[in-house]
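User: I'd like to learn how to read the packing features of a protein model. Could you walk me through them, a step at a time?

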Amino acid sequence: MQETEFFQLSGTTALLLLIGFYGATFLMSLLIGQKKENVDGYMVSNSAVGFGLSAASMIATWIWAASFYASATSGYKYGLSGPLHYGFWGALMILFIYPFGRRFRALAPQAHTLAEVVHARHGASSQMIMAVSNIVGSCISLMVNFTAAGALVSVLSPLSFIQGVLIAGLGVLSYTLWSGFRASVMTDFAQLVAMVLSAVVIIPLIFYNAGGTEMLQANMWRLDAEQADFYSTKAILEQGAPYFVAVLAYAIGNQTIAQRLFAVREDLIKPTFLTATIGYGAVVIGLGMLGLLALFTGLQPVDGNMNNIIPQMASTYLPPFGIALFFILVVGSLSSTADSDLSALSAIMMTDIYAKNLARGRPNPQRMLWWGRATMIVATMLGVIFASLRLDILVMLVFVGALWGAIVFPVIVSFYWDRVSNSAFTWSVLSAVILFSIVRFELLPIQGAVAVFYEISAAVGGGVVAGLMAFAFFRSNIAIAFGTVIALILLPNFVGALREYIVLTASLTAYGVSAVVCTVLSLRSQERFDFSVLADRVTSFHYEEARLQGKKPAGQAGKPAAARA
């Protein structure tokens, strides 16, 4: 199949779909609005969100525009195992985060951000590392989603890229601004329903129109040896392993995930994350199959851009109503993450920048709301501006990914081991980011002794990842033993070979270096932290406001207040 022209919806149809989608979500947000907003409700819905809304919100947030297209790209590049390497590992990370999440909630039931809990555990410097990484990461995510909106609109309608970016930005801001996180969760549910229904129709329809099983059998010859191998080493080393490592960092370090962890009712954390694991995996693996189908049909991405694979498949094999469903599917996926980014940024600015630093622990709740809403407006403006410039954000994404990978071990261990100090946390992260940057951007030739050093660090990093996953479900001694064995197995296989896979080397180095530095400095520390003080240091702002005014609070510290929405 040669390059094909994209089928375009009419300008009127595209506008009606966008106005209908964002108009419906805006009306939903009006139904849950409050004349006098509660800051805890605005940030985490008073930590009392139920099972259905929480699970749907987690799935919708985890499925964002970049992963939407990347799953199909994985299927197109790596063949039979490609979609599984993207969807399965991403789903598995949702599963592995919940045991740690229950620990965070048990220690600080009234938390709003993970950086806030880190501040209570270590102090301002460690908190700002967490907060700044999340601000940069959420801003980049916002730009990516607005860029995807502009590209989708320009490809499938006569509207321009800039018009698509502006509509998406104003649409997401309109329904998120007033009610904050509550609006994000409520609309996530509706957006997920729309995405699932669209996917259920679109994927089988494309498969059938492309020729079904007969087409697959007739076109197996298009797959090379690696693509036809379900256990392809190339797919594992280039896609599976780097993504597996990256999403663990994303799950621990990203405020959009932490915000949902602190919002769901504490007794519903396990079923929520288990359901989200299955839901995310099913949707993303299904979408990745479109890339695999494109490979079988011989489709060539227009302009060599892999992000055109799904729009091309939709244009080629869907009738007009199917393309309209596809349009809603993509708009829903990017909007559900964009509103989560706005909510995350507002919570960070309200809690970590204003409450803990500018207000020095004595915040004015009404001023906090002003900060939160102003942050959303400014973030949307910046997202639209940078998306409209179509800047290359790969370098920033890589840097933020490294920062998140560098903080995974220090963050988790800080809430289990009482010897981890603020200096151990800070220096372990800084060391890991510096060494990551050297190898990822190849600031030094990665050969000889330098390459061996990084390969040893990466082997340690592999052991750390394996140990953390084991620690999620088993005792610490089992996790340490398992991680050590994995590191020893990886070491002879990595030395002399891993330098050919720079992305994987860099990612694992961040884990290995941060773990070694954090452990060494902690063993030298004489500090002993009392974890019982965290619940007193991290409290509901509504509770604090009522206490200072001499009123009886709606919820006591350590117990979730009743949700208002």
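User: Let's begin with the rings. How many aromatic pairs does the count come to?

Analyst: Happy to start there. A pair of aromatic rings is described by the distance of the centres and the angle of the planes. This is a predicted model, and the count in it comes to 14 aromatic pairs.

User: How are the rings of Trp-62 and Tyr-280 arranged?

Analyst: Their planes stand at 75° with the centres 6.1 Å apart, so this pair is edge-to-face. It also links distant parts of the chain: Trp-62 sits in helix 3 (residues 51-62) and Tyr-280 in helix 14 (residues 269-297), 218 residues apart. Both Trp-62 and Tyr-280 are buried.

User: And why does the pair of Phe-100 and Phe-471 count as tilted?

Analyst: The angle decides it. Tilted covers what is neither under 30 degrees nor over 60, and the planes of Phe-100 and Phe-471 are at 40°, with ring centres 6.2 Å apart, so the pair is tilted. Phe-100 belongs to helix 5 and Phe-471 to helix 20, so parts 371 residues apart in sequence are tied together by this pair. With a relative accessible area of 2%, Phe-100 is buried. There is a cluster to look at as well: ring pairs link Phe-96, Tyr-98 and Phe-473.

User: Moving on to the core, which residues touch the most other members of the largest nonpolar core?

Analyst: That core has 163 residues, and those touching the most other members are Tyr-22, Trp-62, Met-93, Tyr-280, Phe-326, Phe-327 and Val-411. Helix 16 (residues 320-358) supplies its largest share, 16 residues. For a close-up, take Phe-327: leaving aside neighbours within four places in sequence, it is in contact with Leu-9, Ala-14, Leu-17, Leu-18, Leu-152, Val-153 and Leu-156. A second, separate core has nine residues, among them Phe-436, Val-439, Ala-506 and Ala-510.

User: Now the empty space. How many cavities of 30 Å³ or more does the structure hold?

Analyst: Rolling a probe the size of a water molecule over the atoms shows where empty space is left. Here the structure holds three such cavities, and the largest has about 60 Å³ of space. Its lining includes Ile-97, Phe-104, Leu-114 and Phe-273. Helix 13 gives the largest share of that lining, four residues. By residue class, the lining divides into 10 nonpolar, no polar and no charged.

User: What lines the second largest pocket?

Analyst: That pocket, with a volume of about 570 Å³, is lined by 19 residues, and Phe-409, Val-413, Leu-468, Ile-480 and Thr-519 lie nearest its centre. Two or more lining residues come from each of helix 18 (394-414), helix 20 (448-473), helix 21 (476-494) and helix 22 (502-524). The lining divides into 13 nonpolar, six polar and no charged.

User: One last feature, the backbone. What is the phi of Asn-46?

Analyst: Most residues other than glycine have a negative phi, and most peptide bonds are trans. Asn-46 is not a glycine, yet its phi is positive, about 55°. Ser-47 also has a positive phi of about 55°.

User: Where is Asn-46 placed, and is Asn-46 buried or exposed?

Analyst: Asn-46 is in the loop between helix 2 (39-44) and helix 3, and it is buried, with a relative accessible area of 6%. Ser-47 has its place in the loop between helix 2 and helix 3. Ser-47 is buried too, with a relative accessible area of 1%.

Technical notes: Residues are numbered from 1 along each chain as its sequence is written. This is a predicted model: local features need pLDDT of at least 70, side-chain atom pairs count only at pLDDT 80 or more; totals for chains, interfaces and linings use all residues. Side-chain values use heavy atoms; hydrogens and water are left out. On a 1 Å grid over the protein atoms alone, a cavity is a set of points where a 1.4 Å probe fits but cannot get out, and a pocket is an open set with protein on both sides within 12 Å along at least five of seven lines; lining residues have an atom within 4 Å of a point. Grid points are joined across faces, edges and corners, and a volume is the space filled by probe spheres set on the points. Ala, Val, Leu, Ile, Met, Phe, Trp, Tyr, Cys and Pro count as nonpolar, Asp, Glu, Lys and Arg as charged, and the others, Gly among them, as polar. A nonpolar core is a set of buried Ala, Val, Leu, Ile, Met, Phe, Trp, Tyr and Cys residues joined through side-chain atoms within 4.5 Å. Buried means under 20% relative accessible area, exposed over 50%, partly exposed in between (1.4 Å probe, protein chains only). Contact means heavy atoms within 4.5 Å. Rings of Phe, Tyr and Trp (its six-membered ring) pair if their centres lie within 6.5 Å; planes under 30 degrees apart count as stacked, over 60 as edge-to-face and the rest as tilted.
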